[in-house]
Amino acid sequence: MTNATHPFDLLQLLVAQCRQQAVGLPAQEVVSETWSGVGFRLAGQPMVAAMGEISEILHEPRYTALPRVKSWVRGVANVRGRLLPIVDLSRFFGATVSAPRKQRRVLVLDRDELFVGLLVDEVLGMQHFPVSSFISDTPDVPAAFRPYVVGAYRRDPVSLVFNFRALARDQGFLDVAI
(Lines give C-alpha, C1' and ligand atoms only; values in the text may rest on other atoms or scores of the structure.)
Protein backbone atom coordinates (compact mmCIF):
# COMPACT_ATOMS: atom_id res chain seq x y z
CA MET A 1 0.00 0.00 0.00
CA THR A 2 1.02 3.59 -0.46
CA ASN A 3 1.17 6.29 2.12
CA ALA A 4 -2.34 7.58 1.40
CA THR A 5 -3.68 9.09 4.58
CA HIS A 6 -6.93 10.55 3.44
CA PRO A 7 -9.85 8.06 3.68
CA PHE A 8 -11.05 8.89 0.16
CA ASP A 9 -7.61 8.10 -1.27
CA LEU A 10 -7.63 4.77 0.60
CA LEU A 11 -11.05 3.92 -0.87
CA GLN A 12 -9.86 4.74 -4.41
CA LEU A 13 -6.83 2.52 -3.91
CA LEU A 14 -9.04 -0.31 -2.63
CA VAL A 15 -11.37 0.03 -5.65
CA ALA A 16 -8.42 -0.13 -8.04
CA GLN A 17 -7.09 -3.31 -6.38
CA CYS A 18 -10.54 -4.95 -6.47
CA ARG A 19 -10.93 -4.23 -10.18
CA GLN A 20 -7.53 -5.77 -10.92
CA GLN A 21 -8.44 -8.98 -9.12
CA ALA A 22 -12.10 -9.22 -10.16
CA VAL A 23 -13.20 -12.05 -12.40
CA GLY A 24 -15.40 -10.98 -15.29
CA LEU A 25 -19.01 -12.11 -15.47
CA PRO A 26 -19.77 -14.80 -18.02
CA ALA A 27 -21.14 -13.37 -21.21
CA GLN A 28 -24.58 -14.56 -22.25
CA GLU A 29 -24.15 -15.47 -25.86
CA VAL A 30 -27.70 -16.19 -26.97
CA VAL A 31 -30.92 -14.74 -25.66
CA SER A 32 -33.78 -17.05 -26.52
CA GLU A 33 -37.40 -15.97 -26.55
CA THR A 34 -39.62 -18.14 -24.35
CA TRP A 35 -43.29 -19.09 -24.32
CA SER A 36 -44.97 -19.70 -20.97
CA GLY A 37 -48.02 -21.75 -20.18
CA VAL A 38 -49.69 -23.89 -17.53
CA GLY A 39 -48.62 -27.51 -17.68
CA PHE A 40 -51.05 -30.30 -16.86
CA ARG A 41 -51.48 -34.00 -17.41
CA LEU A 42 -54.58 -35.27 -19.21
CA ALA A 43 -55.18 -39.00 -19.62
CA GLY A 44 -51.49 -39.51 -18.85
CA GLN A 45 -50.37 -37.12 -21.62
CA PRO A 46 -48.34 -34.01 -20.67
CA MET A 47 -50.00 -30.90 -22.05
CA VAL A 48 -49.64 -27.17 -21.76
CA ALA A 49 -52.10 -24.32 -22.29
CA ALA A 50 -51.52 -20.62 -22.78
CA MET A 51 -51.55 -18.64 -19.54
CA GLY A 52 -54.41 -16.42 -20.75
CA GLU A 53 -56.77 -19.33 -21.35
CA ILE A 54 -56.94 -20.47 -17.73
CA SER A 55 -58.37 -18.06 -15.19
CA GLU A 56 -57.94 -20.17 -12.05
CA ILE A 57 -56.72 -23.54 -10.76
CA LEU A 58 -58.68 -25.26 -7.97
CA HIS A 59 -58.58 -28.46 -5.97
CA GLU A 60 -61.50 -30.65 -6.96
CA PRO A 61 -64.46 -29.01 -5.19
CA ARG A 62 -67.54 -30.68 -3.79
CA TYR A 63 -70.17 -30.75 -6.46
CA THR A 64 -73.79 -31.77 -6.91
CA ALA A 65 -74.48 -34.35 -9.59
CA LEU A 66 -76.90 -33.34 -12.31
CA PRO A 67 -79.57 -35.63 -13.78
CA ARG A 68 -79.80 -36.44 -17.48
CA VAL A 69 -76.32 -35.26 -18.49
CA LYS A 70 -73.51 -37.14 -20.18
CA SER A 71 -71.22 -39.25 -17.98
CA TRP A 72 -68.28 -36.87 -18.30
CA VAL A 73 -70.25 -34.02 -16.69
CA ARG A 74 -69.50 -34.49 -13.00
CA GLY A 75 -71.94 -31.88 -11.70
CA VAL A 76 -72.06 -28.29 -10.56
CA ALA A 77 -70.09 -26.67 -7.73
CA ASN A 78 -70.61 -23.44 -5.85
CA VAL A 79 -67.36 -21.49 -6.18
CA ARG A 80 -67.52 -18.16 -4.38
CA GLY A 81 -71.21 -17.75 -5.12
CA ARG A 82 -71.04 -18.78 -8.79
CA LEU A 83 -72.25 -22.12 -10.11
CA LEU A 84 -69.33 -23.81 -11.86
CA PRO A 85 -70.08 -26.82 -14.09
CA ILE A 86 -67.41 -29.50 -13.54
CA VAL A 87 -66.42 -31.55 -16.58
CA ASP A 88 -64.09 -34.55 -16.36
CA LEU A 89 -61.88 -33.92 -19.37
CA SER A 90 -60.36 -37.43 -19.34
CA ARG A 91 -63.81 -39.00 -19.54
CA PHE A 92 -64.81 -36.55 -22.29
CA PHE A 93 -61.95 -37.98 -24.35
CA GLY A 94 -62.94 -41.55 -23.47
CA ALA A 95 -59.96 -42.23 -21.20
CA THR A 96 -60.14 -43.91 -17.83
CA VAL A 97 -59.26 -41.84 -14.80
CA SER A 98 -56.21 -43.23 -13.04
CA ALA A 99 -54.93 -40.25 -11.04
CA PRO A 100 -55.77 -40.16 -7.33
CA ARG A 101 -58.38 -37.59 -6.31
CA LYS A 102 -55.84 -35.75 -4.15
CA GLN A 103 -53.69 -35.09 -7.23
CA ARG A 104 -56.48 -33.97 -9.59
CA ARG A 105 -57.14 -30.27 -10.26
CA VAL A 106 -59.80 -28.15 -11.92
CA LEU A 107 -58.76 -25.65 -14.58
CA VAL A 108 -61.33 -22.86 -14.64
CA LEU A 109 -62.16 -21.28 -17.99
CA ASP A 110 -63.96 -17.95 -17.72
CA ARG A 111 -64.15 -16.37 -21.16
CA ASP A 112 -66.97 -14.74 -23.00
CA GLU A 113 -70.07 -16.78 -22.12
CA LEU A 114 -68.19 -19.93 -21.07
CA PHE A 115 -67.64 -20.56 -17.36
CA VAL A 116 -66.59 -24.15 -16.76
CA GLY A 117 -64.21 -26.19 -14.61
CA LEU A 118 -62.20 -28.85 -16.41
CA LEU A 119 -61.01 -31.71 -14.24
CA VAL A 120 -57.49 -32.88 -15.22
CA ASP A 121 -55.17 -35.57 -13.80
CA GLU A 122 -52.75 -33.07 -12.28
CA VAL A 123 -51.32 -29.60 -12.78
CA LEU A 124 -47.58 -29.43 -13.44
CA GLY A 125 -47.26 -25.68 -12.82
CA MET A 126 -45.88 -22.95 -15.02
CA GLN A 127 -43.87 -24.25 -17.94
CA HIS A 128 -41.38 -22.22 -19.97
CA PHE A 129 -40.28 -23.32 -23.43
CA PRO A 130 -37.88 -21.78 -25.95
CA VAL A 131 -39.99 -20.57 -28.87
CA SER A 132 -37.56 -22.33 -31.19
CA SER A 133 -38.61 -25.72 -29.74
CA PHE A 134 -42.20 -25.40 -31.03
CA ILE A 135 -43.36 -28.11 -33.44
CA SER A 136 -46.47 -27.39 -35.48
CA ASP A 137 -46.59 -30.84 -37.12
CA THR A 138 -47.45 -33.38 -34.42
CA PRO A 139 -48.25 -36.75 -36.04
CA ASP A 140 -48.15 -38.76 -32.78
CA VAL A 141 -51.13 -36.96 -31.20
CA PRO A 142 -53.90 -39.37 -30.19
CA ALA A 143 -56.88 -38.97 -32.52
CA ALA A 144 -59.24 -37.78 -29.74
CA PHE A 145 -56.93 -34.84 -28.90
CA ARG A 146 -56.07 -33.86 -32.47
CA PRO A 147 -58.83 -31.20 -32.98
CA TYR A 148 -57.69 -29.39 -29.83
CA VAL A 149 -53.90 -29.58 -30.18
CA VAL A 150 -52.18 -26.75 -32.05
CA GLY A 151 -48.64 -28.06 -31.78
CA ALA A 152 -46.11 -29.18 -29.22
CA TYR A 153 -42.92 -28.15 -27.48
CA ARG A 154 -39.95 -30.49 -27.65
CA ARG A 155 -38.91 -31.60 -24.22
CA ASP A 156 -38.61 -35.00 -22.66
CA PRO A 157 -41.48 -35.85 -22.84
CA VAL A 158 -43.06 -33.68 -25.54
CA SER A 159 -45.75 -31.31 -24.22
CA LEU A 160 -48.78 -30.91 -26.47
CA VAL A 161 -50.23 -27.37 -26.69
CA PHE A 162 -53.94 -27.69 -25.88
CA ASN A 163 -56.28 -25.04 -27.27
CA PHE A 164 -59.22 -24.56 -24.89
CA ARG A 165 -60.86 -22.12 -27.31
CA ALA A 166 -61.23 -24.95 -29.83
CA LEU A 167 -62.80 -27.08 -27.09
CA ALA A 168 -65.21 -24.25 -26.20
CA ARG A 169 -66.37 -24.07 -29.85
CA ASP A 170 -66.93 -27.83 -30.13
CA GLN A 171 -70.66 -28.57 -30.24
CA GLY A 172 -70.01 -32.07 -28.85
CA PHE A 173 -68.52 -30.48 -25.73
CA LEU A 174 -71.29 -27.90 -25.39
CA ASP A 175 -74.14 -30.43 -25.73
CA VAL A 176 -74.15 -32.05 -22.31
CA ALA A 177 -77.75 -33.30 -22.13
CA ILE A 178 -78.54 -36.95 -22.75
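Strands β1 (residues 34-42) and β2 (residues 45-50) run antiparallel and are joined by six bridges. Within this pair, G37 finds its bridge partner in β2, namely A50. The model is a predicted one, and these two strands make a handy way into it.

Zooming out, β1 and β2 belong to an open sheet of six strands, ordered β8-β1-β2-β11-β10-β9, with mixed pairing. At the edges sit β8 and β9 (134-135), each of which pairs on one side only. As a reminder, strands of a sheet pair through backbone hydrogen bonds, in either a parallel or an antiparallel way.

Now for the other end of that order. β9 and β10 run antiparallel, with two bridges joining them, and here F134 stands opposite Y153 of β10. β10 also pairs with β11, again in the antiparallel sense, this time over four bridges. One of the matched pairs there is A152 with its bridge partner L160 in β11. The two strands, β10 and β11, form a hairpin with five residues between them. As for exposure, β10 is mostly covered, since four of its five residues count as buried.

Back at the β8 edge, F129 is worth a look. This residue lies in strand β8, which spans residues 122-130. Is F129 buried or exposed? With a relative accessible area of 1%, F129 is buried, because that value falls under the 20% cut-off. F129 and W35 are 94 residues apart along the chain, yet their C-alpha atoms are separated by 5.3 Å. Setting aside neighbours within four places in sequence, F129 is in contact with E33, T34, W35, V48, Y153, R155 and S159.

What about the nonpolar interior? The largest nonpolar core has 29 residues, and those with the most contacts inside it are F40, L42, L89, L118, F162, F164 and L167. Several elements give two or more residues to this core: the strands β1, β2, β6 (105-111), β7 (114-120), β10 (149-153) and β11 (159-162), along with the helices α2 (89-92) and α3 (164-169). A second, separate core of nine residues includes A77, V106, F115 and L119.

F164 gives a closer view of the largest core, being among the residues with the most contacts inside it. Leaving out neighbours within four places in sequence, F164 is in contact with F40, A49, E53, I54, L89, L107, L109 and L118. Among these partners, F40, L89 and L118 also appear in the list of residues with the most contacts inside the core.

Notes. Residues numbered from 1 in each chain as written. Predicted model: local features only at pLDDT ≥ 70, side-chain atom pairs only at ≥ 80, totals over all residues. Heavy atoms only, no water. Buried < 20%, exposed > 50% of the residue type's maximum accessible area, 1.4 Å probe, protein only. Contact = heavy atoms within 4.5 Å. Pairing = 2+ DSSP bridges. Core = buried A, V, L, I, M, F, W, Y, C linked by side-chain atoms within 4.5 Å.
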